[in-house]
Amino acid sequence: MSLDLNTREREINELVNSFRDMATRLQQLEEWRTLSLAGVSHELKTPVTSIKGLIMAVRDDVVSPEEGKEFLDIALKESERMERMVADLLDYNAMCAGSVAVCRERTDLKLLVGEIIYQWEIAYEDKMPEVQLHSPPGSFFTMGDALRIQQIIVNLLNNALHATAPEQKVVFDIYLRAEGQMLFVDVQDYGTGIPAEDQPKIFERFYRGEIKKRRNRGLGLGLTYSRLLAQEQGGELCLVSSSPQGSKFSLSLPRWVATQDTVVSEKAYGVAVKA
């Protein structure tokens, strides 16, 4: 689309420039969409090809019965990876389309994080993980969505697990802290870290560093989606630091502050109010 018009009327010139900028942005968006679609197609094709080859080897008796069981186990793991990739893509698209509901209600962050850790450790009990929660005394109520907070923290824990070397013990620390009107959940792992050249790009959609590509196939949407969820709740997700000794991510969320109306309402229902 080309708009090479020249007029002395300022308003028309401004309109033409606006259309020209819009056309440029649309062209860039289309180029990005085409590139992204190609990348997603490639990433999904890899596990599909792997699953097909493994199942065909078992069907055609190319391998022994013992090896066949192992091949089917590998195919199952590949299908689970593909399922996660599709789920990430659907979640991200829904978020961008504005169809993901994010609630704003009082949530006991200390209690919630404790429950998340407990459930996550059970899910990965074969890895014998140890996740320590460090929290100062006092209440930690946030205005947020418990389900979305869980999605963010579970994604950070999963990433931390992938960053842990195979021979290394799975140990993480989670710190709760408060600063002004914000609450923070800091997730510290002791894995191999994120290369310096990758750190500025880790929240970009579909971006994955070379190390992550080799260790864990995915679409590179987990951190992007998690940051969007944090921002929808009035918070933020950022990388605090990373080195070969580990990485620390920080999730911030707005602190719940009791108003006079809230106090009166909750007292009427016999609810204890803690500021």
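**Overall fold, sheet and selected residues of the predicted chain**

Methionine 128 has a relative accessibility of 61% and therefore counts as exposed, since the category begins over 50%. This residue is found in the loop between helix α3 and strand β2, and its phi angle is near 50 degrees, a positive value in a residue other than glycine. These values, like those that follow, come from a predicted model.

Aspartate 61 likewise lies in a loop, in this case the one between α1 (10-59) and α2 (65-96). The phi of aspartate 61 is near 60 degrees, again positive although the residue is not a glycine, and with a relative accessible area of 63% aspartate 61 is classed as exposed. Positive phi values are also found at glycine residues, among them glycine 234, which follows just after helix α6 and has a phi of about 85 degrees.

Taken as a whole, the secondary structure of the chain comprises seven helices and seven strands, and these elements succeed one another along the sequence in the pattern α-α-β-α-β-β-α-β-β-α-α-β-β-α. The chain has 275 residues, of which 34% count as buried. Among contacts with a separation of 6 or more, 67% are accounted for by residues that stand 24 or more positions apart.

Five of the strands form an open sheet, in which the order is β2-β4-β5-β7-β6 and the pairing is mixed. The edges of this sheet are formed by β2 (130-134) and β6 (236-243), each of which pairs on one side only. From one strand to the next, the twist of the sheet averages 15 degrees.

Within the sheet, strand β4 (residues 171-179) and strand β5 (residues 182-188) run antiparallel and are joined by seven bridges. Leucine 176 has valine 185 of β5 as its bridge partner, while glutamate 179 stands opposite methionine 182, which also belongs to β5. The two strands make up a hairpin with two residues between them, and glycine 180, located in the turn, has a positive phi of about 60 degrees. On its other pairing, β5 is joined to β7 by seven bridges, and these two strands run antiparallel; here the bridge partner of glutamine 188 is lysine 248 in β7. Strand β5 is mostly covered, with six of its seven residues buried.

Two helices can be described in relation to this sheet. Helix α3 lies across β2, β4, β5 and β7 (246-254), and its direction is at about 175 degrees to that of β2. Helix α4 (residues 146-163) also packs on the sheet, where it touches β4, β5, β6 and β7, and its direction makes about 175 degrees with that of β7.

Glycine 114 has its place in helix α3, which spans residues 109-123. Because its relative accessible area is 30%, glycine 114 is described as partly exposed, a category that lies between the 20% limit for buried residues and the 50% limit for exposed ones. Although glycine 114 and valine 131 are 17 residues apart in sequence, the distance between them in space is 9.7 Å, taken from C-alpha to C-alpha.

Arginine 148 is located in helix α4. This arginine is buried yet has no salt bridge, and the nearest side chain of opposite charge, that of aspartate 145, is 4.1 Å away; this distance does not meet the requirement for a salt bridge, which is a separation within 4 Å. The side chain of arginine 148 does, however, make a polar contact of 2.7 Å with the side chain of glutamine 151. When residues up to four places away in sequence are not counted, arginine 148 touches Val100, Ala101, Val102, Tyr225, Leu229 and Gln233.

Two of the residues touched by arginine 148, Tyr225 and Leu229, are also listed among the buried residues of helix α6 (residues 222-232). The buried residues of this helix are Gly222, Leu223, Thr224, Tyr225, Ser226, Leu229 and Ala230. In general, an α-helix has 3.6 residues a turn, so residues three or four places apart point the same way.

Terms used: Residues are numbered from 1 along each chain as its sequence is written. This is a predicted model: local features need pLDDT of at least 70, side-chain atom pairs count only at pLDDT 80 or more; totals for chains, interfaces and linings use all residues. Side-chain values use heavy atoms; hydrogens and water are left out. Helices (H or I, at least four residues) and strands (E, at least two) are DSSP runs, numbered from the N terminus. Buried means under 20% relative accessible area, exposed over 50%, partly exposed in between (1.4 Å probe, protein chains only). Two strands pair if DSSP finds at least two bridges between them. Axes are lines fitted to C-alpha atoms, for helices over the stretch in contact, and angles run from 0 to 180 degrees between N-to-C directions. Contact means heavy atoms within 4.5 Å. Lys and Arg count as positive and Asp and Glu as negative; His and the chain ends are not counted. A polar contact is a pair of N or O atoms within 3.5 Å; within protein, one must be able to donate a hydrogen and the other to accept it, and residues adjacent in sequence count only if both atoms are side-chain atoms.
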